[in-house]
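Colleague: I would like a close look at a single part of this model. Pick one sheet, show me what lies on it, and then work outwards from there.

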Amino acid sequence: MEKKERIFKAQSKQVTLDRENRQKLDYNIGRYDQAVERGVHFFSDLDNARSQASNIKDFAVDDLENLLVGFEKRALENGSEVFWACDKREALAILKDIVLKEKVELAVKMKSMISEELEINKLLQELQVETWETDLGEFIVQLAGEKLYHILTPAMHKSRGDIATLFHQKFGLDPESTPEQITLFVRDYLREKFTRADLGITGANFLIADTGSIALTENEGNGMMTFSWPKTLEVIAGIEKIIPKLTDLGLFWPLVAVHGTGQHVTAYNSLLSGPKQMDELDGPKRMVIILLDGGRSRMFGDPEMRKALTCIRCGACLNACPIYRNVGGYTYQTTYTGPIGSVISMYLDDSRDTGFLNFACSLCGRCSEVCPVKIPIHRLLLLNRSRINENSDKGATEKLVYRTAGEILMRRRSLDRIPAKWKNLAMKKIGHKHWGPNRKPLNFAPESFSRMWRRRKHNQS
Ligand code: SF4
């Protein structure tokens, strides 16, 4: 068993039994569920909207090459610089070059999963660049020295009390501070950083092919400060973020908002179409866009797995997943967690040893039901499982186990003849270890279901 898999198993047991953590997740996801329940009524025909979004993203991914080239052409015409990075190493080399040439001393960042994927903060730390996360949730996890817990709600695992204590320890705030007081403090604290920052770093919610623009959506206004104050802006985006037309945002923005937070539309939606022009008052003098492959071509090259590239990172499948709700975000040990994280991580750079996550699923299908772009996530998990088994000797062992189990279970009558107490004894001896110490012991009923059925039928007639 690989190291990550061992850690996953050990941590999932531990986290699942941590009542306090469960309460925090249940509370936060419960509030999310209520908000989404209200938000979906914004759509008169949600299913139709999801189908349209799914079709547009399918088309975009199928025509990826043309759309990306078109995007690059228009972005260059708008005055941006565009770089292509095959992998993490290349993307970080481009960033390093900018930091050194621009003599960057302070960088501000907007929340983006791709910057987590590339571990940008690690590089900036090595280059001695003071770096601040500007999304409140991400600022909190940065202060705590932790990673993002959830792709949309980075501090989902923290209660109000945890956060107040953290701000007391780090900044001497009253340990009883309210969320409003903490937010006001962070606003002031970061404003000073924004005004001094040399570099702003963002991801992209969408790359718009027909205008060469970057679409960004957020709730705190920190993104607008990140891309308008610093003189240099670096946008890093996965190649799958492309959509064909500006007008497609009319569908995608409300879909992301409703499925991400339950809002009809997120508070701030921005379009960045190049650096500051002569007649403009604010904006970066230099805008650099890095388009990252980072293993995405591996999914693109696989006709069935290609659908996973249409994800718009709304986070809905994480909140719906019974596994995520029990084991939490850190247990996955990957940048992208939950059902979609389990599907895509093994294709991304540096995450090759995460195939086991595809097996950490009950295949309930809830993730596929809630996905706004209709990704059949549970089917992709199954597909990955079969691919992993095809390529490993585990497949042969598993086949043998299932064949034997199948043969035993097909002989129901012989099984029924074995008294319940013998079966219980066998379970105690053989099965208990696998059944787990935290479950009630299995107790076979004295009479089998089929015998009970026959007896009742007989009594009725
Ligand atoms: S797979 Fe679907 S539900 Fe999950 S994050 Fe992506 S778009 Fe949202």
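Modeller: Start with α10, which lies across β2 and β3 and runs at about 120 degrees to β2. Keep in mind throughout that this is a predicted model. The two strands under that helix are partners: β2 (residues 106-109) and β3 run parallel, joined by 4 bridges. One pair to find on screen is Leu106 and its bridge partner in β3, Glu130.

Now widen the view to the whole sheet. It is open, has 6 strands, and follows the order β1-β10-β7-β4-β2-β3. The pairing is parallel. β3 stands at one edge and β1 (81-85) at the other; each has a single partner strand, so one side of each is left without a neighbour in the sheet. From one strand to the next, the twist averages 20 degrees.

Stay with β3 and α10, because both help to cover helix α8, as does α9 (160-171). Here β3 spans 130-133 and α10 spans 179-196. Helix α8 itself takes in residues 136-143, and 7 of its 8 residues are buried. Those buried residues are Leu136, Gly137, Glu138, Phe139, Ile140, Val141 and Gln142. After α8 comes Gly145, with a positive phi near 70 degrees.

For contrast, turn to the other sheet. This one is also open, with 4 strands in the order β8-β5-β6-β9 and mixed pairing. Its edges are β8 (242-243) and β9 (268-272); each has a single partner strand, so one side of each is left without a neighbour in the sheet. Helix α12 packs on this sheet and touches β5, β6, β8 and β9. The direction of α12 makes about 30 degrees with that of β6. Inside the sheet, β5 (residues 206-208) and β6 (residues 213-218) are antiparallel, paired over 3 bridges. Leu207 has Ile214 of β6 as its bridge partner.

α12 (residues 249-261) also packs against α3 (residues 46-62), at an angle of about 115 degrees and with the axes 10 Å apart. The crossing of these two helices is left-handed. α3 contributes Ala49, Gln52 and Ala53 to the contact, while α12 contributes Leu251, Phe252 and Leu255. By class, the contact residues are 5 nonpolar, 1 polar and no charged.

Last, the ligand. It is surrounded by 15 residues, and the closest are Cys311, Cys314, Cys317, Ile340 and Cys371. The shell divides into 12 nonpolar, 2 polar and 1 charged.

Key: Residues are numbered from 1 along each chain as its sequence is written. This is a predicted model: local features need pLDDT of at least 70, side-chain atom pairs count only at pLDDT 80 or more; totals for chains, interfaces and linings use all residues. A residue is buried if 20 or more other C-beta atoms lie within 10 Å of its own, exposed if 12 or fewer, and partly exposed in between; C-beta atoms are placed from the backbone. Two residues are in contact if their C-beta atoms, placed from the backbone, lie within 7 Å. A residue is near a molecule or strand if its C-beta atom, placed from the backbone, lies within 6 Å of it. Ala, Val, Leu, Ile, Met, Phe, Trp, Tyr, Cys and Pro count as nonpolar, Asp, Glu, Lys and Arg as charged, and the others, Gly among them, as polar. Axes are lines fitted to C-alpha atoms, for helices over the stretch in contact, and angles run from 0 to 180 degrees between N-to-C directions. A crossing is left-handed if the near helix is turned anticlockwise from the far one by less than a right angle, and right-handed if clockwise. Two strands pair if DSSP finds at least two bridges between them.
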